[in-house]
Amino acid sequence: MMKPISILVIDDDPNNFDVIETLLDDQDYQLQYVSSGVAAIESLDYLNPDLILLDVMMPDLDGIEVCQRIRAMPEHAAIPIIMVTALSEKQDLARCFGAGANDFISKPVSGLELTARVRSMLLLREQYQQLEAINTHLEAKVLERTAQLQAIILQDDLTRLPSRVCLTQNLADLLRAKAADFAVVYLDCDQFKLINGSFGYAVSNQLLIAIAERLKPHLAAGDLLARLSGNEFCFLLRQIDGVPSLEPRVQGILKSFDTPFAVAGIDIFITACVGIALANSAYQYPEQPLQDASIAMYQAKQQGAGSYQFFCPEMHQTMVQRLALESDLKRALERQEFVVYYQPIVRLKTFALVGLEALVRWQHPERGLIAPGEFIPLMETTGLVVPVGLLILRQACQQLYRWQQQGWSELTVSVNLSVRQFACSTLLDDIDQILAETQINPARLKLEITESAIMDNAETAIGIVEALRSRQIQISIDDFGTGYSSLGYLHRFSVNDLKVDRSFTNQIQVSESKYKVVDTIVTLGQQLGLTVTAEGIETEPQLRRLQQLNCELGQGYLFSKPLPAADIDTHLQSNPVNNALLKPAGMTLA
Ligand code: C2E
Ligand code: MG
Ligand code: MG
């Protein structure tokens, strides 16, 4: 049963109510009557009318005042009000509407008019209520969606850990409360890109979930562990008083990486570096401790895999220096301060000079010659290595062309390609342009890439290596053995040359077991049908051992340091064309 529509008549004269009741008799309305404004206002809560017919002239409160008061009552403000006025009160109409009335009827009231006005007013009210209902529904929906979005924003999809936003909010709360007992522990997994490249995203994602699970037990009550992005996690630890109490916990966190992660049937070993920022009254915004912790993490990375560092203000200084170096490097590119040095590569059996490795040097206006170790890593992170690398490649090819013109047709020039360069989409176009420009015989150009360049994205890398090989260009794997094991992939790449990293050559005299590593790598290269080049030969015992192993090529200070092209020219000119020797005994070049 629907509730009947109720109409409240407010009039000091009961006769007027009788008239209205008679006129609306044939309608299904429930009529209520009160004889004064005061009584009307008091009764609204329990009468709850759908419509009010309100007399204008009344002794205590007049209709206009009553209308105003009803409009001021939030629960009843929406009730439609029709003013009932004598003709003589017409001048009050403006005031009626001003007070919030919706319509009016003149006395004497006619049945037809009353029915029509009441009906249209009720219809309006009904439509208004429907709109209200829709609005309420929409509002509820919006609230619900907002809550869902909040949940999404606050949680990391993959690991179900709190997100960066959630961490930031928590940190903001702590800073507002002036908490002095928290630590931000920023954790970044080492070499994660290699794992991505080697095993693919599905496995990497599972690994991240496994890492999250292994980190969770390090949480105490009130702590929070968030995934920031990619391979970065962050603890917000509470009730920390200083470094001594925190250090064992951080060591514990790093220790959880000691055992491999069994993911998709594979045992994956991974390490992480940690940077820590302790609560500090200077912190105002959550970004500050986060940034400090990440700066400390960056410092830890410099120390090597599995390290941790507490933030200290001097680290800012290091960052500032880094930024200064970065802008210096940009200027150096514009001012063409990069020069190429060449280090001879020798056939170990005959001491024939077979090639040269192009190595960049920065001719700094004040500091003199700077070795690449000081600036290549930074150029790699900023991407500057791409244009600079191209510059080196172009210069080296121009030099190779000159040697080829002089008749040194067998001499190879090796140029290092950084990970970033190798991943650059314009690499092949750029190389084609340089080949066309310099007119070299591409069969004498070798490009040195590292295992990381390949493992970052093995499938793409295979394509690029093949495209380079189809141009006759030779490929070396540089620093072999120092990167993430790529043995499984090596046979899929048509590379020519494998360079044994200096750190292995170094060990030859030092330790029997390490020297076995050189043994293994040289044999492995030979079995794969690759030319093996030993880097960093410094002593005669090293040379002799490598000769015994039948290691084909070598380079190192024992033969020559990297030299300017002019010095190489001098040496070449003192030898028959295409037949230069470089004996360790005659270290005339060094
Ligand atoms: P790399 O490609 O493995 O180059 C060999 C490094 O070993 C060179 O260091 C060379 O000077 C050094 N070296 C050679 N023989 C000996 C030795 O007997 N003893 C010792 N202690 N060192 C020796 P350099 O020139 O400082 O270059 C370091 C690294 O910087 C290179 O390692 C290479 O990865 C990178 N690099 C150099 N030039 C370029 C370049 O033009 N582009 C790119 N992307 N990277 C470059
Ligand atoms: Mg190299
Ligand atoms: Mg190397």
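I took helices and strands as DSSP runs, numbered from the N terminus. I counted a residue as near the ligand if one of its heavy atoms lies within 4 Å of it. The model I examined is a predicted one.

**Entry 1. The shell around ligand 1**

I looked up which element gives the most residues to the shell around ligand 1, and I found β14, with four residues. I counted 22 residues around ligand 1. The closest are Arg361, Asn416, Asp478, Glu538 and Tyr557. By class, I recorded eight nonpolar, six polar and eight charged residues in this shell.

I then turned to the oxygen atoms of ligand 1. One lies 2.9 Å from a side-chain N or O atom of Glu357. For Arg361, I noted a distance of 2.8 Å between an oxygen atom of the ligand and an N or O atom of the side chain. For Asp478, a polar side-chain atom is 2.8 Å from an oxygen atom of ligand 1. On its own, ligand 1 has 790 Å² of accessible area, and I noted that the protein covers 84% of this. I also listed the elements that give two or more residues to the shell, which are β14 (353–364) and β18 (474–480).

**Entry 2. Helix α3**

Which residues of α3 are buried? In this helix, residues 63–71, I found Gly63, Ile64, Val66, Cys67 and Ile70 to be buried. Viewed down the axis of α3, these buried residues fall within an arc of 160 degrees, so I recorded them as lining one face of the helix. I next looked up what the buried residues of α3 pack against: β1 (5–10), α2 (37–47), β3 (51–55), β4 (81–86) and α4 (93–99).

**Entry 3. Asn48 and Lys446**

I located Asn48 in the loop between α2 and β3. Its relative accessibility is 41%; because partly exposed covers the range between 20% and 50%, I entered Asn48 as partly exposed. Setting aside residues up to four places away in sequence, I found that Asn48 touches Lys3, Ser6, Ser43 and His76. I also checked Asn48 against Ala147: the two are 99 residues apart in sequence and 35 Å apart in space, C-alpha to C-alpha.

Is Lys446 buried or exposed? I found Lys446 in strand β17, residues 445–450. Its relative accessible area is 8%, and I therefore entered Lys446 as buried, the cut-off being under 20%. Apart from neighbours within four places in sequence, Lys446 is in contact with Val413, Ser414, Val415, Gln474, Ser476, Asp497 and Leu553.

**Entry 4. Backbone geometry**

Most residues other than glycine have a negative phi, and most peptide bonds are trans. I therefore noted the departures from this pattern.

I found a cis peptide bond joining Lys107 and Pro108, with omega about -10 degrees. Pro108 is in the loop between β5 (103–107) and α5 (111–154).

Gln191 is not a glycine, yet I read a positive phi of about 55 degrees for it. I placed Gln191 in the loop between β6 (183–189) and α7 (192–199). With a relative accessible area of 45%, Gln191 is partly exposed.

Phe351, likewise not a glycine, has a positive phi of about 60 degrees. I located Phe351 in the loop between β13 (338–347) and β14. At 16% relative accessibility, I entered Phe351 as buried.

Definitions and conventions. Residues are numbered from 1 along each chain as its sequence is written. Chains are lettered from A and ligands numbered from 1 in the order in which they are written. This is a predicted model: local features need pLDDT of at least 70, side-chain atom pairs count only at pLDDT 80 or more; totals for chains, interfaces and linings use all residues. Side-chain values use heavy atoms; hydrogens and water are left out. A polar contact is a pair of N or O atoms within 3.5 Å; within protein, one must be able to donate a hydrogen and the other to accept it, and residues adjacent in sequence count only if both atoms are side-chain atoms. Accessible areas come from the Shrake-Rupley method with a 1.4 Å probe; for residues, only the protein chains shown count as cover. Ala, Val, Leu, Ile, Met, Phe, Trp, Tyr, Cys and Pro count as nonpolar, Asp, Glu, Lys and Arg as charged, and the others, Gly among them, as polar. Buried means under 20% relative accessible area, exposed over 50%, partly exposed in between (1.4 Å probe, protein chains only). The arc is that of the directions from the helix axis to the C-beta atoms. Contact means heavy atoms within 4.5 Å.
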